[in-house]
Amino acid sequence: MSDSITIASDQQQSIPLWLLAELSYSCPLQCAYCSNPINYPEARSSELSTDEWKTVFKDARKMGAVQLGLSGGEPLVRPDLEELIAEARALGFYTNLITSAVGADAARLAAIREAGLDHIQISFQGSNQAVNDHFAGTKSFHHKVMMAKEAKKLGFPMVLNFVLHRQNIHQIADMLKLAEDLNADFVELANSQYYGWALKNIDALLPSRQQLVNAEAITNDFRKNHQGNMDVIFVVPDYYENRPKACCNGWGTTFVTVTPDGDVQPCQSAQVLPGFELPNVRRQSLEWAWRESPLFNAFRGTEWMQEPCRSCPEKEQDLGGCRCQAYLLTGDAYATDPVCDLSPKHSDIERVVASAQNIADLNDDGFSYDINKADDITQPLLFRNPKNAKILTKKIGEHND
């Protein structure tokens, strides 16, 4: 790590246009690519109260934030969700609920709409009950379909999100057909990116190159035949690119996330980076975190870069790539993102990609992940007290009945 941090003053004065409020790490699903922290038991401390979240919203709006994502975990576990949405609406945010829809019903969706929610994104783990419920780890497919239909009845602009991996990507045509049947406005076919639990499970998740080629061809054919009816985006795994993406549109330039217990981060995974004390809204202001904290200033601009990034003519485009990915794959947060074929560590990516070309293991369920199992099994899963939760490691397909 560098001995000092050089602050890029122009980027330090940028505005956090997009606030992601991770309202809770609790979730009824058991997805093997979950973005919850690997150190889930340690990371889950007391969640911010309703008033604390309202303060976060107010502070973000004062700084210029206009987009608010409400996510988790599962944001529907918060009984105050409607109150938080109403507050955000009063402040002038455009609000987007990012949800599995588990925990919703028609009445609650109506209440959320009445509170002022602008937009809803519903996740699916497959195109039919068998695949969806298998990878979600809970029986949720038919409920998701019902809630998507209800969302459209209520007039929500609706995104359907399908997280793709080697064991469901073959369903992509059926996923698009489902989205069409549900009258989605936008479909995100998002191949898993490899952080957290997804990185832990990469051997079972990373698709082969041919799988990606086939899936993208099907997507392009669908676009040609449905022009103007539904927007579709296909997100390729970073590991199959030759150049990295700019981290969150540029570290500390556009995006800010606040975790359930108040940590403030430039991206969803920044807690993995060593050597930084995470700012927290219970100790510091959101503005201080954005403008003054060592974490947010560490990778702004290009002065922090090592070679080959420092002398690269493309450095202003990708800004060195993803810092969390660089650290997770090299042990050095200042290293070039190994996705880049100019990185000295790019051969590590090539080896992982090479191993993914064998698709003979498609029926292998070798996933591990954290799930909640409360002591009181009579209480609905969504609202069990996380302080009483046991953390287990299980294979997908094993359910808590």
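User: What makes Asp185 and Lys152 a salt bridge in this model?

Analyst: Keep in mind that we're looking at a predicted model. The closest N and O atoms of Asp185 and Lys152 are 2.9 Å apart, and the rule asks for a side-chain nitrogen of Lys or Arg within 4 Å of a carboxyl oxygen of Asp or Glu. So the pair counts as a salt bridge.

User: Why say that this pair ties parts together?

Analyst: Because Asp185 sits in the loop between α8 (172-181) and β6 (186-191), while Lys152 belongs to helix α7 (residues 141-153), the link joins parts that are 33 residues apart in sequence.

User: Why are Asp185 and Lys152 labelled the way they are for exposure?

Analyst: Buried needs under 20% relative accessible area and exposed needs over 50%. Asp185 comes out at 34%, so it is partly exposed. Lys152 has 22%, so that residue is partly exposed too.

User: How many salt bridges does the rule give?

Analyst: The count comes to 14.

User: What makes Glu287 and Arg291 another example?

Analyst: Their side chains meet at 3.3 Å, N to O, and the cut-off is 4 Å. Both residues lie in helix α12 (residues 286-291), four residues apart, which is about one turn of the helix.

User: Why is Arg291 called buried or exposed, and what about Glu287?

Analyst: Arg291 has a relative accessibility of 14%, and the limit for buried is under 20%, so Arg291 counts as buried. Glu287, at 43%, falls between the two cut-offs, so it is partly exposed.

User: How do you know that Asp348 and Arg351 form a salt bridge?

Analyst: The N to O distance is 2.1 Å, set against a limit of 4 Å. The two residues lie in helix α16, three residues apart, about one turn of the helix. As for labels, Asp348 has a relative accessible area of 26%, so it is partly exposed. Arg351 reaches 53%, and exposed means over 50%, so Arg351 counts as exposed. Elsewhere, Glu47, Arg78 and Asp80 are joined into one network by salt bridges that share partners.

User: What makes one side of α16 the buried side?

Analyst: In α16 (residues 346-355), the buried residues are His346, Ile349 and Val353. They span an arc of only 55° around the axis, so they end up on the same side of the helix. That buried set packs against α11 (209-225) and α15 (323-330). On the face turned away from the buried side you find the exposed residues Arg351 and Ala354.

User: Why is Phe124 called buried or exposed?

Analyst: Phe124, in strand β4 (residues 119-124), has 1% relative accessibility, and buried means under 20%, so Phe124 counts as buried.

User: What is Phe124 in contact with, beyond its neighbours within four places in sequence?

Analyst: The contacts include Phe141, Val145, Leu160, Phe162, Leu178 and Leu182, and polar or charged names such as Asn132 and Lys144 are listed as well. One of these partners, Phe162, is 38 residues away in sequence, yet the C-alpha atoms are 5.2 Å apart.

User: Which residues make up the nonpolar surface patch, and how does Val66 qualify?

Analyst: The patch is formed by Ile15, Leu17 and Val66, with about 220 Å² of accessible area together. Val66, found in the loop between α3 (50-63) and β2 (67-71), has 38% relative accessibility, so it counts as partly exposed. Patch members need over 30%, so Val66 clears that bar.

How values were computed:
Residues are numbered from 1 along each chain as its sequence is written. This is a predicted model: local features need pLDDT of at least 70, side-chain atom pairs count only at pLDDT 80 or more; totals for chains, interfaces and linings use all residues. Side-chain values use heavy atoms; hydrogens and water are left out. Buried means under 20% relative accessible area, exposed over 50%, partly exposed in between (1.4 Å probe, protein chains only). Contact means heavy atoms within 4.5 Å. The arc is that of the directions from the helix axis to the C-beta atoms. Patches are made of residues with over 30% relative accessible area and no salt bridge: like charges are joined within 9 Å, nonpolar side chains (Val, Leu, Ile, Met, Phe, Trp, Tyr) within 5 Å. Accessible areas come from the Shrake-Rupley method with a 1.4 Å probe; for residues, only the protein chains shown count as cover.
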